[in-house]
Amino acid sequence: MRDTARKAIALTADILGHFRGYRFPNYFTGRDRLRVLLFGIEPDLRRFIRRNARRGMTVLDIGGNVGLICRIFATTVGSQGRVLSFEP
């Protein structure tokens, strides 16, 4: 029963994520995926980005991992800006 519930949560999160434009990393559990959908990605960092990044800026994402934060930066700086993301 638990495995079925876990699979259902993961599938539901994948479907909802698809409509929001997310592609989750394979190592995210169903719970991780739902947490991102319900609460967003790094809410404190998102607030910081909204307050400090502007359209047209060039920003660096050091330790970019799979690019979740990079996408937030890209949306914020727009097509006139640049996002340079590195995973050491």
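Reader: Let's start with a loop. Where does asparagine 65 lie?

Author: Asparagine 65 lies in the loop between strand 1 and helix 4. Keep in mind that this is a predicted model.

Reader: I'd like to look at backbone torsions there. What is phi of asparagine 65?

Author: Start with the general idea: most residues other than glycine have a negative phi. Now the case here: phi of asparagine 65 is near 50°, a positive value in a residue that isn't glycine.

Reader: And is asparagine 65 buried or exposed?

Author: The cut-off for exposed is over 50% relative accessible area. Asparagine 65 has 53%, so this residue counts as exposed.

Reader: Let me zoom out. How many helices and strands does the chain have, and in what order do the elements run?

Author: The chain comes to four helices and two strands. Reading from the N terminus, you get α-α-α-β-α-β. As for extent, the C-alpha trace spans about 50 × 25 × 20 Å along its principal axes. Of the 88 residues, 30% are buried.

Reader: Which strands pair, and in what sense?

Author: Strand 1 (residues 58–62) and strand 2 (residues 82–86) pair in the parallel sense, over five bridges. For one of the residue pairs, look at aspartate 61: its bridge partner in strand 2 is serine 85. Between the two strands the chain passes through helix 4 (residues 68–77), and this β-α-β crossover is right-handed.

Reader: How do I read the faces of strand 1? Which residues are on the covered face and which on the uncovered one?

Author: Val59 and Asp61 make up the covered face. Thr58, Leu60 and Ile62 are on the uncovered one.

Reader: Back to helix 4, then. Is isoleucine 72 buried or exposed?

Author: Isoleucine 72, which lies in helix 4, has a relative accessible area of 11%. Buried means under 20%, so isoleucine 72 is buried.

Reader: What is isoleucine 72 in contact with, beyond its neighbours within four places in sequence?

Author: Set those neighbours aside and you find Ile41, Arg46 and Ile49. You can also place isoleucine 72 relative to aspartate 61: the two are eleven residues apart in sequence, and their C-alpha atoms are 10 Å apart in space.

Reader: Now the helices at the other end of the sequence. At what angle do the axes of helix 1 and helix 2 cross?

Author: The axes of helix 1 (residues 2–20) and helix 2 (residues 30–39) cross at roughly 35°, coming within 8 Å of each other. The crossing is left-handed. On the helix 1 side, the contact is made by Ile9, Ala10, Ala13, Asp14, Leu16, Gly17 and Arg20. Helix 2 brings in Gly30, Arg31, Arg33, Leu34 and Leu37.

Reader: How does that contact split by class?

Author: Six residues are nonpolar, two are polar and four are charged.

Reader: Aspartate 14 caught my eye. What does aspartate 14 touch, not counting residues up to four places away in sequence?

Author: Phe24 and Arg33. Aspartate 14 has its place in helix 1 and counts as partly exposed, because its relative accessibility is 32% and that class runs between the 20% and 50% cut-offs. For a distance to check, take the C-alpha atoms of aspartate 14 and leucine 34: they are separated by 8.8 Å, with the residues 20 apart along the chain.

Reader: One last thing. Among contacts between residues at least 6 apart in sequence, what share join residues at least 24 apart?

Author: In this chain, 38% of them do.

Note on methods:
Residues numbered from 1 in each chain as written. Predicted model: local features only at pLDDT ≥ 70, side-chain atom pairs only at ≥ 80, totals over all residues. Heavy atoms only, no water. Buried < 20%, exposed > 50% of the residue type's maximum accessible area, 1.4 Å probe, protein only. Pairing = 2+ DSSP bridges. Right-handed = clockwise from strand over helix to strand, strands pointing away. Axes fitted to C-alpha atoms, helices over the stretch in contact; angles between N-to-C directions. Left-handed = near helix turned anticlockwise from the far one by under 90°. Contact = heavy atoms within 4.5 Å. Nonpolar A, V, L, I, M, F, W, Y, C, P; charged D, E, K, R; others polar.
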